Amino acid sequence: MTMTDLTQSPAWLKLQEHYSTIKDVQMRELFAEDPQRFNKFSITMPETLLLDYSKNRITDETMTLLCALARQSNIEQWRDKMFSGKAINITEHRSVLHNALRNCADTPVIVDGQDVMPNIKAVLAHIRRFSDQVHSGEWRGYNGKKITTIVNIGIGGSDLGPHLVCESMKAFAQEGLKAHFVSNVDATHLVETLKNIEPETTLFVIASKTFTTQETMLNAHSARSWFLEQVGDESAIEKHFVAVTTNIELAKEFGINEANMFEFWDWVGGRYSLWSSIGLSIALYLGMDHFEALLEGAYEMDQHFQKTPLEENIPVIMALLGVWYNNFFDAKSYGIMPYSQYLDRLPDYLQQLDMESNGKTTDRNNKRIHYSTGAVIWGKPGTNGQHAFFQLLHQGTQLIPADFIMPIESENSLEEHQEVLFSNCLAQTEAFMKGKTIDEVIAEMKQQGCTEETIEAIAPHKVFEGNKPTNTLLFQRLTPKTLGSLLAMYEHKVFVQGIIWNINSFDQWGVEYGKVLAGQILQDLSKTDPVNNHDASTNGLIDFFKS
C-alpha cells in the first residue's frame, strides 16, 4: 500500500515506534507506579469543566510525542487562520467562522475585506426583538391568541443543534412554551407532531439556508397546507411562519413577510450553525438571555483553545487521544456516554459534527488517503447503556474509547439519585481501566464459597481484560453556558483532528451526491414503464416500490 506523507513523517514514525513499546502496558500498572497520575493527566478550565484523561493508555512520553505531531501539523497556524477569517474551506473557497458568531469581545473579524461583526450583531438584535415580542405576547397569532408552541422544521445542522440545545435546556425554558422539531421526510414525523398542536397558537420556524432543501421544504409545504386547511386564510401565514434563510424571494413566495426572515451567511457551515440565526428556535424556547449565555460559553472555550499551550489545551488533548487510538490502536468506534438524561441527543449531534466533518478519503493535496480519518460516533445516556451495550465494551474483542460526561449537580433533585448516577459513572470508568484478572476472579469466588468445579467452569467467563480507555468530563451544572463550552470543545477537537489528517473538515460532498441520486430516482418513480437506467438492484427496487 502506498503511504501518504503523514504516515512517513518524523512525528508519526516516532509515535509508531513508541506504540510498539507501550501497546501492551496495563493502565492499572501505570496508576500503581504514579500516585500523581490524576493530577498529571487532568485539566481544569476554571468555572467551566474538568477533563480527566488519566485513564488512557499514555505516558509522559506519549503526550510529548502527540503534541509534537500537532506542532508538525501546524495546528496553531491553522487555528489562527480559522479565527482570522482565512478561506480554509478549500474546496468551497469559504471562510469558516462559526467562532465569529459567538465573538463576545466584538473584535473585528474580516472576511473579503469587510468586518462581519456588525452584521452578526444586527441579526442577534433582530432575534432578541422577535423572541421578546413572542414572550411578551406583543406578537400573537392571526386571531389574537398568544404563541405557546414552536415547531422548528429543518434537517441536519438546522435540526440537530437547536434540537439538542432545547432538549438539554428544558429546565431553562420559557414558561408556557413547548418546542417541537420536525426533520425526517417520513410523513410520520410531521403528522404525529401536528396531532399535538393548535394552528392558532403555533409558530413554525422554517430553517433552510437556500429554502430549497428537499426534506425541509416538503415538510414546510405540508405544514403550510395543514395550517390553511385549519385556518382557511392565506394572509394568516405571515403570523405563524418565519424563515431562517438567505433566499428572500422563495421565502416570500411561501407567504413569509420579509421582516420575519433571519439572515445567515455562506461561511456558516450547517453542522456549526446553531450559533447563528438557526438558533432562533433556541432563543424562542429558552429566551434570548439564555441563548446569549450559550454563545458566551462557546466563546470562553474559543479563548481557551486559542490561548492555551497545546499541552494544557482541552480540545487539543482530546483530539490527540482520538488520533492515538484511531490510527495506532485501530479503534474505529468511539462512545459518547452522557450521564445526564438531558443530554440524550448529544451523541446524535456529535455524530454529524464528527463524521460529516472528517469522513473523507482525499487529503488537502488531492491525494487518496490510506489511513483512518475518523471513528464511528455513537452512544446513549448512562445508566441505560450499562444495561444494553456496555457488555461489549467490557468483554468484547474491540477496543472502543469513550467519553463519560456528567454534571455534579442535577436540575431535578430526588434523594440519592445523583449520588447513584455519579457512582455508576465512576465505577464504569474504573472497571474499564482496571479490569479483573483470573487470579482476582478465583479469589473472589473462593471467598463466596464456590467449589473448585464451579470455579473451573465459570472463572474464565468472569475475567475482564480492562485497559479500556476513557475520558471523564465533569462540570458543576448543565446550564446554557456550560453546554456552549462543551459543544465548542468538541468542534475544536474535530478541527484539530482534521488538520492532523490533512483533510478539509468543512465540506460534505458525499451528502451532496446522495441528494443528486435521490432527485433522479424521484423522477423515475413517476414513470409507468420499468426502469433500466440504474444498476440492477436499484432498478428492481424502484419497480417493486411502484408495483
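The following paragraphs lead the reader through the aromatic contacts, the backbone exceptions and a surface patch of this structure. The model is a predicted one.

The aromatic side chains offer a starting point. A search of the whole structure finds 27 aromatic pairs. One of them is formed by F390 and F432, whose rings are tilted, at 5.7 Å centre to centre and with 45 degrees between the planes. Two values appear in this account because a pair of aromatic rings is described by the distance of the centres and the angle of the planes. The angle of 45 degrees for F390 and F432 is neither under 30 degrees, as for stacked rings, nor over 60, as for edge-to-face rings, and therefore the pair counts as tilted. This pair links distant parts of the chain, since F390 belongs to helix α16 (residues 390-395) and F432 to helix α17 (residues 417-434), 42 residues apart. F390 has a relative accessible area of 2%, and F432 has one of 3%. Buried means under 20%, so F390 and F432 are both buried.

Ring pairs also build a cluster, in which W12, Y19, W324, Y325, F328, F329 and Y371 are linked. Other aromatic rings have a charged side chain over the face. R102 is placed over the face of W275, 4.6 Å from the ring centre. Likewise, K239 lies over the face of W139, and here the distance from the ring centre is 4.1 Å.

The backbone deserves attention next. Most residues other than glycine have a negative phi, and most peptide bonds are trans. Against this background, the bond that joins G382 and T383 is a cis peptide bond, with omega about 10 degrees. T383 is found in the loop between β11 (376-378) and α16.

Two residues other than glycine have a positive phi. For H93, phi is near 55 degrees, and the residue lies in the loop between α5 (75-83) and β3 (110-111). H93 is exposed, its relative accessible area being 67%. For D330, phi is about 60 degrees. D330 has its place in the loop between α14 (314-328) and β10 (333-338), and with 55% relative accessibility it counts as exposed.

The surface completes the account. Y513, V516 and L517 form a nonpolar patch there, and together they have about 290 Å² of accessible area. Within this patch, Y513 is found in helix α21 (residues 509-525). The relative accessible area of Y513 is 55%, so this residue is exposed.

Notes
Residues are numbered from 1 along each chain as its sequence is written. This is a predicted model: local features need pLDDT of at least 70, side-chain atom pairs count only at pLDDT 80 or more; totals for chains, interfaces and linings use all residues. Side-chain values use heavy atoms; hydrogens and water are left out. Patches are made of residues with over 30% relative accessible area and no salt bridge: like charges are joined within 9 Å, nonpolar side chains (Val, Leu, Ile, Met, Phe, Trp, Tyr) within 5 Å. Accessible areas come from the Shrake-Rupley method with a 1.4 Å probe; for residues, only the protein chains shown count as cover. A salt bridge is a side-chain nitrogen of Lys or Arg within 4 Å of a carboxyl oxygen of Asp or Glu. Helices (H or I, at least four residues) and strands (E, at least two) are DSSP runs, numbered from the N terminus. Buried means under 20% relative accessible area, exposed over 50%, partly exposed in between (1.4 Å probe, protein chains only). Rings of Phe, Tyr and Trp (its six-membered ring) pair if their centres lie within 6.5 Å; planes under 30 degrees apart count as stacked, over 60 as edge-to-face and the rest as tilted. A charge sits over a ring if NZ of Lys or CZ of Arg is within 6 Å of the ring centre and within 35 degrees of the ring normal.
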